[in-house]
Every structure is written in C-alpha cells, then in structure tokens.
Amino acid sequence: MVRRNLNDLVSFVTVAREGSFTRAAALLGVTQSALSQAISGLEARLQIRLLTRTTRSVSATPAGERLLLAIGHRFDEIEAELDELTALRDKPAGTVRITCGDHVLHAILLPRLEPVLREYPDIKLEFDVNYGFRDIVADRYDAGVRLGNTIDKDMIAMPIGPPLRLAVVASPDYFAAHPPPRKPQDLMAHRCINQRMQTSGGLYVWNFERRGKQVNVRVDGPLIFNTTQPQVDAALAGLGIALLPEDELMPHIESGRLVSVLRDWCPTFTGYHLYYPSRRQPSTAFSLVLNALRIGGAGA
C-alpha cells in the first residue's frame, strides 16, 4: 500500500507541475487512462479533490497546491540524491537543465561546456531558451542565467561573464536617410525596433545614463520581437534602430555593417550570472558545470 501511495503521489506532482495529463503521462511512461485512474484513486483515499480538470487544462485546487508545496521538493531531493549516486561510478552522469537567453547560450555556455561534454559523455545538458523570469525551483531547472542585478536574494549567483554595455545601432543606409540621434530624446522621432518583455508583457523602455543623469525613452517603430537575434537582423536590413548588448553587435560594428551612436549615454552594467537555489545539493554533473562556467575555472 505504501508503494502504491508513493506512485500515486509522484503521478499527482507530475500532473500538477505539467498542467497536462498528456505531458505527464509521456514523462512517466504510462497511459493517460492509467494516470487518470491513479489521481482519482488518490483523491478518493484522501476524500478531497486535488486537481481541477477542464477540456483544455488541468490545475491544482487549493488543497492540491498545498500538497504540491509540501511534497514536491521532497521528490526533487530524492531524485537529486539518486543522481548523486552516479558519482560512485567511474564516469559522472546525469542531466543538467539550464534556462537562459539565446545570446548567452551561444556566447558563453556552449563554448565553456563543450569540454565537459567531450570528457564526460554520460552527462546531458538541456537548455530552455527563455527571456521570461522562470521559477527554476517550480519548473525543476538546475540553474538559470540572468543579469546579476535581476536575481532573487535567496539564490546563489555566480558571475560567468564580464560587465556588459548596451549599444544603440542602425545600418549605414538607415542613417543615410535619417539624421543620427544626438541625445536619447531624439530616438522618439526615429523608427526603432522594440522588444516585448515576456515577464510583464510590456515593451522594453530604453534606459540611458550620462554623468549621473538618467533618461528613459519609450520608442516606437515598425517591428516588435521577444528575442534578440531578429532585432539584429532587422537592424542589419536597415529597418530601424536597435538597442542591444554591445558584445552581441560588435562583429557587425567592427565590419561597418552597423553604426553605433549615443555611446556616451550607454553605461556598463553587471553581466551574466548563473544562479541556483541556495539549498540545492549539487550533483557531480552540476558541480562540473559550475567549475566549467566559473570565471577563472577549468572552462574559462
């Protein structure tokens, strides 16, 4: 009976987290029918409804939320301890899941972690390219990457890159047809390439600073994206002005395909940090990833 209860609790946690019987069944390797029966049996034994089911979604009831909060992290800890047992093998193994943006993935993470993958073929890395502020504990990621000043205080944050600087750029053809801005407020008369923020849903406000004076500008233009690479492509095509991290634009600036303006209004700011829960007991695989990403570490 204890074993049956544990299986049913694992089924409940998976469905509640995934919000879908279909995805949960695929993860657990069971049929949707068997999974539904397990949840119904658990609810019958507890004599309380744990999940609200509709034709389109599944969500936890207040009782289900309480149960998930109470036991979900315990199953994660058990899984982490089981992964840690792989340290007893000759070669470390396991999956490390990281949520991050696409630029830091290509510029920092993949180059630094390539040696780890070559040396330890039983380690797997899963990347979730996402610009929203993911709850890595609830979504069961091992770590995330954000700019250092946006990380919650209860997380361990480790710098993995140098300070960054934003750059305002457009193509030479664009500036041939439109006078380059001399101050941030001039951008309001230009066609700018906007970014939709995944967390708030609003458009990114362009922030500038010079000699202690801060200026925020709400720009307008013909294009809105939620990731950075299309903004680079649009700027190269002469479709408007973009504001992006300078290191992402530098090859195009150095080649003359993009022109940087308002440089004295673009200060440096804290760079990318890897963050993870302070209570997390790192697996061997995760420790190898940390060492490879640490500035001055094996992968730097």
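These are my notebook entries on one protein chain, looked up in a predicted model.

**Entry 1: the whole chain**

I began with the overall picture. The chain has 300 residues, and 42% of them count as buried. I counted nine helices and 15 strands. The C-alpha trace spans about 75 × 50 × 35 Å along its principal axes.

Next I looked at who touches whom. Among contacts with a separation of 6 or more, 72% are between residues 24 or more positions apart. For the surface, I noted about 16500 Å² exposed, with 53% of that supplied by carbon and sulfur atoms. I also checked the charges: there are 34 positive and 32 negative ones, and their mean positions are 4 Å apart.

**Entry 2: helix α8**

Which residues of α8 are buried? In this helix, residues 246-255, I found Glu246, Glu248, Leu249, His252 and Ile253. Looking down the axis of α8, I saw these buried residues fall within an arc of 135 degrees, so they line one face of the helix. A reminder to myself: an α-helix has 3.6 residues a turn, so residues three or four places apart point the same way.

Then I asked what covers the buried residues of α8. The cover includes two helices, α5 (102-119) and α7 (229-236), along with strands β7 (164-170), β12 (242-245) and β13 (259-261). Just past the end of α8 I came to glycine 256, which takes a positive phi of about 85 degrees.

**Entry 3: helix α9**

I moved on to α9, residues 284-293. How many of its ten residues are buried? Seven are, so this helix is largely enclosed by the rest of the structure. I listed them as Thr284, Ala285, Phe286, Val289, Leu290, Ala292 and Leu293.

**Entry 4: isoleucine 160**

One of those α9 residues, Leu293, came up again when I listed what isoleucine 160 touches. Isoleucine 160 sits in the loop between β6 (155-159) and β7. Is it buried or exposed? Its relative accessibility is 0%, so I put isoleucine 160 down as buried.

Leaving out residues up to four places away in sequence, I noted its contacts with Val104, Ile108, Leu109, Arg112, Val145, Tyr272, His273, Leu274, Leu293 and Ile295. I also took one distance for orientation: valine 10 is 150 residues away from isoleucine 160 in sequence, and their C-alpha atoms are 35 Å apart.

**Entry 5: salt bridges**

A search of the whole structure gave me ten salt bridges, and I looked at several.

Glutamate 18 and arginine 23 pair through their side chains, with N to O at 3.5 Å. Both ends are partly exposed: glutamate 18 has 26% relative accessibility, and arginine 23 has 45%.

Arginine 97 and glutamate 126 form another salt bridge, at 3.2 Å from N to O. What does this pair tie together? Arginine 97 is in strand β3 (residues 94-100) and glutamate 126 is in strand β4 (residues 123-129), so the bridge links parts that are 29 residues apart in sequence. I marked glutamate 126 as partly exposed, at 36% relative accessible area.

Lysine 183 bridges to aspartate 186, with the closest N and O atoms 3.0 Å apart. Lysine 183 is partly exposed at 41%, and aspartate 186 is partly exposed at 22%. Elsewhere, I found Arg17, Asp76 and Arg140 joined into one network by salt bridges that share partners.

**Entry 6: positive phi outside glycine**

Finally, I went through two residues other than glycine with a positive phi. Arginine 211 has phi near 50 degrees, and leucine 262 has phi near 55 degrees.

Where do they lie? I found arginine 211 in the loop between β9 (206-210) and β10 (213-217). Leucine 262 is in the loop between β13 and β14 (268-269), and β13 is also part of the cover over the buried residues of α8.

Their surroundings contrast. Arginine 211 is exposed, with a relative accessible area of 77%, whereas leucine 262 counts as buried at 6%. The cut-offs I used here are under 20% for buried and over 50% for exposed.

Note on methods: Residues numbered from 1 in each chain as written. Predicted model: local features only at pLDDT ≥ 70, side-chain atom pairs only at ≥ 80, totals over all residues. Heavy atoms only, no water. Helix = DSSP H or I, 4+ residues; strand = E, 2+ residues; numbered from the N terminus. Buried < 20%, exposed > 50% of the residue type's maximum accessible area, 1.4 Å probe, protein only. Contact = heavy atoms within 4.5 Å. Areas by Shrake-Rupley, 256 points an atom, 1.4 Å probe, with all protein chains shown as cover. Lys, Arg positive; Asp, Glu negative; His and termini not counted. Charge placed at Lys NZ, Arg CZ, Asp CG, Glu CD. Arc of directions from axis to C-beta. Salt bridge = Lys/Arg side-chain N within 4 Å of Asp/Glu carboxyl O.
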